[in-house]
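Hello,

I am handing over the structure below, followed by notes on what was found in it. Please keep it open while you read.

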Amino acid sequence: MTQQIPESVESFWRLDLDALANKLQSGRQGLSDQEAATRIAACATHARAKRDSAPVWLLLRQFQSPITLILIFAAVLSIFLHDRVDAMIILGIILASGLLGFWQEIGAAGALQKLLSLVATKTTVLRNEQQVSVPSEEIVCGDVVTLAAGSAVPADCRLLESRDLFVNEATLTGETYPVEKLPGVLPAETSLATRTNVLYLGTHVVSGTGAALVVNVGERTEFGMISKHLRLRSPETDFERGIRRFGYFLMEVTLLLVVAIFAINVFFQKPAIEAFLFSLALAVGLTPQLLPAIISVNLAHGAKEMAECDVIVRRLAAIENFGSMNVLCSDKTGTLTQGAVRIRQAINVDGQPSERTMQLAFVNASFESGFANPIDQAVRELGGDLSGYRKLDESPYDFVRKRLSVLVMHQDQRLLITKGAVDSVVSVCDKAETNDGSVVALSDCLERIQAKYRELGDQGLRTLGVAYRRMDDDDVAGKGAEQQMTFAGLLLLEDPPKENVGDAIRDLHELGVSLKMITGDNRRVAASVARQVGLSEQHLLTGADLRQLSDEALTQRVSSTDVFAEVDPNQKERIILACQKAGHVVGYMGDGINDATALHAADVGISVEQAVDVAKQAADIVLLKSDLGVLADGVRAGRRTFANTMKYVFMATSANFGNMFSMAGASVMLPFLPLLPKQILLLNLLTDLPEMTIAQDSVDEEMAMRPQRWNIGFIRRFMLVFGSLSSAFDFLMFGVLLLVFHAEAGAFRTAWFVESVVSATLVVLVVRTRRPLIRSLPSKLLVIATTMTVAIAVALPWAPWAKVLGFEPVRPSLAAVVALIVTCYVVSAEFVKARFYRALSKPAR
């Protein structure tokens with residue numbers, strides 16, 4: 001019989017481990033596959049219920065605009081007070097518009113989920129007493145997870161065992177430095193920050209290893225409860241900020257226009273309900289209702305296009321920042337270099353090849369059990385002799401000590417072997433082993449070691465120091481044991497630049513993106529790599545230099561500096577913030593444990609599929625290949641996505657605004673409303689149809705060659721110029737209808753409706769590009785949608801339901817005049833566009 005799924009356990013840090021395991025119906029061996037599947041299914045049922053309700057909320061969101069809600073209320077009110085048929089038509093058009101947006105957004109969401117599954121984070125867990133890797137979302141209460149450096153903690157857990165386990169809890173407690181975690185029992189009143197036997201969701205392992213029992217998952221975790229209560233959301237991106245400002249701008253224009261038109265119409269004693277509906281319909285016409293759907297569709301299509309370039313987008317809103325990025329900060333290893341570390345040789349303090357140094361490094365790398373790293377892998381691949389060696393203990397690598405020590409038993413003697421950064425290893429030594437095997441004071445050969453270190457760095461070779469110490473009866477490799485050691489020699493590593501990295505850097509430069517290398521390697525290695533890949537090394541800054549600079553001084557120097565060397569992990573974020581203060585949109589590319597804060601700080605965090613969990617989770621974008629060439633392709637795709645989004649904005653602020661402004665003016669001058677509310681809403685719906693295909697539209701090459709950002713001032717100028725042009729032709733149409741054809745209300749509305757739909761639809765083909773239309777052809781899908789919309793508008797006056805909509809057949813002579821005016825408008829828009837962009841480019845010359 002299936003066991004009941006265990007509930008949340010409160011104050012679980014105070015319980016004995018066996019008692020806690022019993023409450024969770026689990027044990028130190030974890031769960032069986034069958035029991036895990038049962039619990040996953042139960043969690044999936046709850047998640048499915050929430051997921052099933054998501055489409056409902058997405059549909060309701062299409063109607064959450066205050067203007068739309070007021071219009072719905074007014075239409076319902078008119079059912080009881082005025083015209084039921086008109087009210088039902090208005091409600092039907094609003095529903096159709098909402099369903100169109102819903103269909104587009106839910107499709108975009110589904111496409112995104114498929115892409116995110118490509119870079120899902122996995123966790124090592126015990127199932128049937130065997131270690132297996134499963135998606136982090138499938139971790140359930142009672143699971144036993146194993147963690148190492150770089151692992152993201154997948155749930156709130158109670159520690160079962162640990163080995164020098166340090167966890168970064170800054171996201172939860174704000175504590176900057178990693179906290180050591182140890183098994184044990186703590187009092188119930190222990191504060192969150194001092195619960196050393198608990199691992200929390202949202203934190204990550206910095207160093208060491210451990211095993212833990214999962215107690216709470218999802219919303220039951222500390223992080224989940226905080227998010228639920230505070231409704232936490234990700235920081236607003238530049239793209240989201242631009243949309244918000246654009247919304248405020250339109251709201252100001254709309255409210256001013258609507259209030260004025262309603263007041264004037266009432267002043268002229270026109271029916272209040274009709275005037276109110278007309279004003280609200282104008283507001284709907286001015287409001288780009290489908291903008292959220294257009295943005296979702298464009299970003300989802302952009303994400304799919306970027307996925308074809310091996311670039312996976314984890315957060316859609318980051319696409320615009322990716323496209324507008326003009327500074328990319330990146331580590332050296334694996335991005336600029338091949339990332340496949342090769343051992344050149346091992347040498348002693350006299351600079352001679354040393355088998356002794358190589359053997360010590362091999363023993364150290366072979367018994368190391370922390371996070372996997374390419375250096376130890378390269379050492380192990382060289383081979384060596386482990387016979388007679390037995391591991392006793394280990395002190396894992398961390399970013400403070402920058403050393404890794406292993407205690408072994410060899411020939412009945414305890415030997416502590418340390419490997420790490422040369423300066424770090426030298427600092428714990430007081431002796432050195434020479435070429436003939438004799439041991440001398442370190443001071444006698446320190447100058448030779450440092451000279452060789454500098455010489456190798458100038459050649460672009462990385463170096464590690466190797467040291468040892470004979471221990472007495474101590475079986476623990478504590479960090480305090482790393483003292484009075486004997487320096488054995490240097491391990492020489494080479495990681496040459498990638499073959500085409502120079503071309504990729506030039507490609508990024510042509511796209512307006514400058515590259516800055518941030519590395520922990522010494523300045524000579526960094527400078528050598530910079531020379532080989534084409535970066536300037538003239539203004540190189542080291543970590544020591546950064547400590548001497550104020551934030552203001554760093555902001556002044558950061559733009560002219562391409563290489564940062566000997567940088568500590570906590571200095572990366574400072575460099576990125578300085579770039580942002582200097583006015584740059586900054587991307588950061590990292591794949592290590594120490595990159596998480598920098599990835600969060602950057603405008604767009606970029607990682608790779610092979611990165612540690614915490615880096616992938618912190619990133620906005622994940623590359624399936626660690627290749628700058630892939631990055632350049634992704635930048636182009638991001639800029640095409642942004643360009644297509646802006647096309648809808650330009651359309652909404654040109655023809656739409658012009659038409660609505662003209663209608664507002666005409667309503668004051670005419671004895672009747674120029675268009676009925678239902679006709680305005682239908683016009684708005686029809687003109688939105690072609691824009692739904694904008695995501696697949698072609699983009700001019702020059703628009704993808706430079707960073708693009710929201711510019712409300714530019715949008716305002718565009719609206720005034722092209723909106724005024726649209727209004728000018730609208731008033732020309734008014735004059736022709738009233739003075740030449742002496743049109744009555746029905747004929748006037750029909751002719752102007754057809755002219756408005758056709759002109760607003762065709763002008764999209766003009767404003768979608770800065771080039772002449774014949775030099776930048778639209779996509780086939782946009783052409784088809786445009787043609788269909790024009791055909792529908794022209795055919796509506798002859799449709800069987802035309803009378804219900806307030807239309808009547810148009811005389812052939814009037815139809816010819818409408819066609820002539822629309823043609824003149826499109827040609828004029830093309831001419832004005834050329835003048836507009838020509839004038840815009842003059843200040844830049």
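The main item is an open sheet of 8 strands with mixed pairing, in the order 8-23-22-21-9-18-20-19. Its edge strands are strand 8 (311-313) and strand 19 (541-542), each of which pairs on one side only. Please note that this is a predicted model.

Within the sheet, strand 9 (residues 327-330) pairs with strand 21 (residues 586-589) in the parallel sense, over 4 bridges. L328 has G587 of strand 21 as its bridge partner. Helix 19 (residues 569-581) packs on the sheet and touches strand 9, strand 18, strand 20 and strand 21. The direction of helix 19 makes about 160° with that of strand 21. A further helix, helix 16 (residues 523-533), lies across strand 18 (514-518), strand 19 and strand 20 (563-565). Helix 16 runs at about 155° to strand 20.

On its other side in the order, strand 21 is followed by strand 22. These two strands pair in the parallel sense over 3 bridges, and M589 stands opposite I606 in strand 22. Strand 22 is also joined by 3 bridges to strand 23 (residues 621-623), and that pair runs parallel. There, S607 has V622 of strand 23 as its bridge partner.

How many residues of strand 22 are buried? The count is 5 of the 5 residues in strand 22 (residues 604-608), so this strand is largely enclosed by the rest of the structure. In a regular strand, side chains alternate between the two faces of the sheet. In strand 22, V604, I606 and V608 point one way, while G605 and S607 point the other way. The residues of both sets are buried.

Next to this part of the sheet in sequence is a loop to look at. D595 sits in the loop between strand 21 and helix 20 (596-601). With a relative accessible area of 2%, D595 falls under the 20% cut-off and is therefore buried. Apart from neighbours within four places in sequence, D595 is in contact with K572, Y588 and G590. D595 and E573 are 22 residues apart in sequence, and their C-alpha atoms are 8.7 Å apart in space.

Another buried loop residue is N348, which lies between strand 10 (342-347) and helix 11 (355-367). The relative accessible area of N348 is 5%. Which residues does N348 touch, not counting those up to four places away in sequence? They are S354, T357, N435, A488 and G489.

Two other loop residues have backbone angles to check. N128 has a positive phi of about 55° although it is not a glycine. N128 is in the loop between strand 1 (122-127) and strand 2 (130-135), and at 40% relative accessibility N128 counts as partly exposed. K402 has a positive phi of about 60°, and it is not a glycine either. K402 is in the loop between strand 11 (389-395) and strand 12 (403-410). The relative accessibility of K402 is 26%, so K402 counts as partly exposed.

Further along the chain is a helix pair. How do helix 24 and helix 28 run relative to each other, parallel or antiparallel? The axes of helix 24 (residues 712-740) and helix 28 (residues 812-841) cross at roughly 155°. That angle is over 145 degrees, and the two helices are therefore roughly antiparallel. Their axes come within 10 Å, and helix 24 passes helix 28 in a right-handed crossing. By class, the contact between helix 24 and helix 28 has 21 nonpolar, 2 polar and 2 charged residues.

Some totals for the whole chain may help with orientation. The protein chain has 28 helices and 23 strands. Of its 845 residues, 54% are buried. Among contacts with a separation of 6 or more, 73% are between residues 24 or more positions apart.

Regards

Conventions. Residues numbered from 1 in each chain as written. Predicted model: local features only at pLDDT ≥ 70, side-chain atom pairs only at ≥ 80, totals over all residues. Heavy atoms only, no water. Pairing = 2+ DSSP bridges. Contact = heavy atoms within 4.5 Å. Axes fitted to C-alpha atoms, helices over the stretch in contact; angles between N-to-C directions. Parallel < 35°, antiparallel > 145°, perpendicular 65-115°, else oblique. Left-handed = near helix turned anticlockwise from the far one by under 90°. Nonpolar A, V, L, I, M, F, W, Y, C, P; charged D, E, K, R; others polar. Buried < 20%, exposed > 50% of the residue type's maximum accessible area, 1.4 Å probe, protein only.
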